[in-house]
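Reader: Pick one residue in this model and walk me through its surroundings atom by atom. After that, zoom out to the cores, the internal voids and any odd backbone spots.

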Amino acid sequence: MNDSTSPTNVAIEPDDWSVELQELEQRRQWSKELGGQEAIARHHANNRKTIRERLEGVLDKGSFTEVGSLTGKSTRSDGYVNQFSPAPYVCGLGEIWGKPVAIGGEDFTVKGGISWSGDRKKGGQGGFVEDLAHDYRIPLINLIDGAGGSVTSMLRRGYSVFPGVHGFEQSVRLLGEVPVVCAVMGTAAGGPAGRAILSHWSVMIKDTSQVFAAGPPVVARSLGQTITKEELGGSDVAVDLAGTIDNVAENEQECWEMIRKFLSYMPQNVWELPPVGDQSDPASRKEEALATIIPKNRRRPYKMHKLISMIVDKDSTFEIAPRFGKSVITCLARMHGHVVGIIANNPMVYGGAMDAKSARKQTHFVELCDTFHIPLIFFVDVPGFMIGKEAEAAATLREGMKSVYVGLQASVPIYTVVVRKCYGMAGMGATDKNGLDFKIAWPSAEWGSLPIEGGVSAAFKREIASAPDPKMREQEIEKQFRESASPFLTAEAFGVEEIIDPRETRAYLCRFIEASIYKRKTALGPKPKYGVRP
């Protein structure tokens, strides 16, 4: 007897979840394939890595746990999925130096890394990865390689939206909570470019990365200028000239290493102190070369980088923005294992005078260190703010006074070490007037409201001009003032707290830095509405 309801011609589903598990594994595999073999090959041909290769390079081996691997769009046939296009953004939880971090980034092989959103954003500007960093109080790493929004989204929605809707508010909040690192791995324009600036430290790759508010097509349409991506926002512009991005790496491998090194100085969040590192370099170490590193001739430069290296723990420095604002050196380092921020005037550039760019750099660095409870050491050799027509046109005075303003708001311990010149308002910006105001000087130090040379020529202008030999009279007056400007006379009045042998600098500072831990512990936590301002 034939039964029309017989299941002989109907596929029998297994009585378990094997089909669903098989589909899960297939979807995961498609997700790992990103934009496909051909797209990845083109990407590699341009000397660029995929987001998954980058995650593997930055993080501790085997530490990445992905979130949102199934996000994307699929097509189905006969009830089975037959194609899946993953979202361009990959994110999750990883580890660096054994500590958890939130990390994510776009992959250019998937639709050019263009921003994607579903019920919830994964990251880029706002989204899950930033929520993870905020909620777990762990550092955030953004690996940026996307073009941002597109006018085509207007057609998809059927209407236009206000800029910045549900985007940057969490990004801003994070700056006062956890270390935020942004690495521009390819071309970043619009929102992704803005996101790169909202960070504590940023890096890009030479000849591979570009960053700008809008790309060459928009520039050509708006201004009639024909320009390449590299000319518009390559590292020569973004790092050297504008200071938009802090550091530049020669290649992706170096970029990954720099990210890891920067985070080695950082606490996990503002509720912790920075980690204490290796203490095998004795605090009592003395370098004989420090006794002679400052030339007797006040006009001769010397290598401030070398001076710093002889005082901090050996091989412990990480310079921030070394190619921008070169008259000021800013670097993270360690003193007997304790993380410190170093700000030093560079006599090899403008004689150490502070120009607008170096003032901006110093301001940003003070805010970084103050946010994460990192003591500041100033090695001072500054004749004042840069002067002249170009300096005034560049708003040096405004940028310089902003640096002074931010320095006076800092709550971390500040140590002022005057190695040679300390003049004017720029010199004031290297002191701790609202704190202990602890100033140390070397015998080579000198200070005042302005250098003797310029001060004498201004105050005694008529007397010098009427002298039989004006040049000789000027030198006589300068010599008289220089004798009265001895740092030992200021020390007699306790106008400077201590004059030390340069070879004692390391031991002296280490002692006070270690004692400051109690002050820093009482200041843990975020400052209201405070992080690093772009």
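**A close look at D60**

Author: Start with D60, which sits in the loop between α3 (51–58) and β1 (65–67); helices here are DSSP runs of H or I with at least four residues, strands are E runs of at least two, and both are numbered from the N terminus. Bear in mind that this is a predicted model, where local features need pLDDT of at least 70 and side-chain atom pairs count only at pLDDT 80 or more, while totals for chains, interfaces and linings use all residues. Residues are numbered from 1 along each chain as its sequence is written, and side-chain values use heavy atoms, with hydrogens and water left out.

D60 counts as buried because its relative accessible area is 18%, and the cut-off for buried is under 20% (exposed is over 50%, partly exposed is in between, using a 1.4 Å probe on protein chains only). Its side chain makes two polar contacts with backbone: the nitrogen of G98 is 2.7 Å away, and a polar atom of the D60 side chain lies 3.2 Å from the nitrogen of W97. A polar contact here is a pair of N or O atoms within 3.5 Å; within protein, one must be able to donate a hydrogen and the other to accept it, and residues adjacent in sequence count only if both atoms are side-chain atoms. Setting aside residues up to four places away in sequence, D60 touches E95, I96, W97, G98 and R260, where contact means heavy atoms within 4.5 Å.

Now zoom out. The protein has 22 helices and 19 strands, and its C-alpha trace spans about 135 × 55 × 40 Å along the principal axes. Of the 534 residues, 49% are buried. Among contacts between residues at least 6 apart in sequence, 73% join residues at least 24 apart.

On to the cores. The largest nonpolar core has 61 residues, and I141, L143, W201, I259, F262, M266 and L376 have the most contacts inside it. Helix α11 (residues 252–264) is the top contributor, giving six residues. A core in this sense is a set of buried Ala, Val, Leu, Ile, Met, Phe, Trp, Tyr and Cys residues joined through side-chain atoms within 4.5 Å. As one sample of the wiring, L143 touches I51, R54, L55, I103, G104, G105, E106, A183, M185 and I259, leaving aside neighbours within four places in sequence. Another core lies apart from the largest one; it has 29 residues, among them V312, F379, Y415 and I500. In soluble globular proteins, nonpolar side chains tend to be buried together.

Next, the voids. There are three cavities of 30 Å³ or more, and the largest has a volume of about 50 Å³. (On a 1 Å grid over the protein atoms alone, a cavity is a set of points where a 1.4 Å probe fits but cannot get out, and lining residues have an atom within 4 Å of a point; points are joined across faces, edges and corners, and the volume is the space filled by probe spheres set on them.) The lining of the largest cavity is I343, A344, N345, M354, Q362, F378, F379, V382, A426 and A430. Strands β14 (338–345) and β15 (376–382) are the elements that give two or more residues to that lining. By class, the lining holds eight nonpolar, two polar and no charged residues, with Ala, Val, Leu, Ile, Met, Phe, Trp, Tyr, Cys and Pro as nonpolar, Asp, Glu, Lys and Arg as charged, and the others, Gly among them, as polar.

G341 is in β14 too, and it is buried at 0% relative accessible area. It touches C331, F365, C369, I374, P375, L376 and I377, again skipping neighbours within four places. G341 and I374 are 33 residues apart in sequence, yet their C-alpha atoms are 6.3 Å apart.

Finally, the odd backbone spots. Most residues other than glycine have a negative phi. H373, in the loop between α13 (356–371) and β15, has a positive phi near 60°, and H373 is buried at 2% relative accessible area. N47 has a positive phi of about 65°; N47 sits in the loop between α2 (37–45) and α3 and is exposed, at 60%.

Methods: On a 1 Å grid over the protein atoms alone, a cavity is a set of points where a 1.4 Å probe fits but cannot get out, and a pocket is an open set with protein on both sides within 12 Å along at least five of seven lines; lining residues have an atom within 4 Å of a point.
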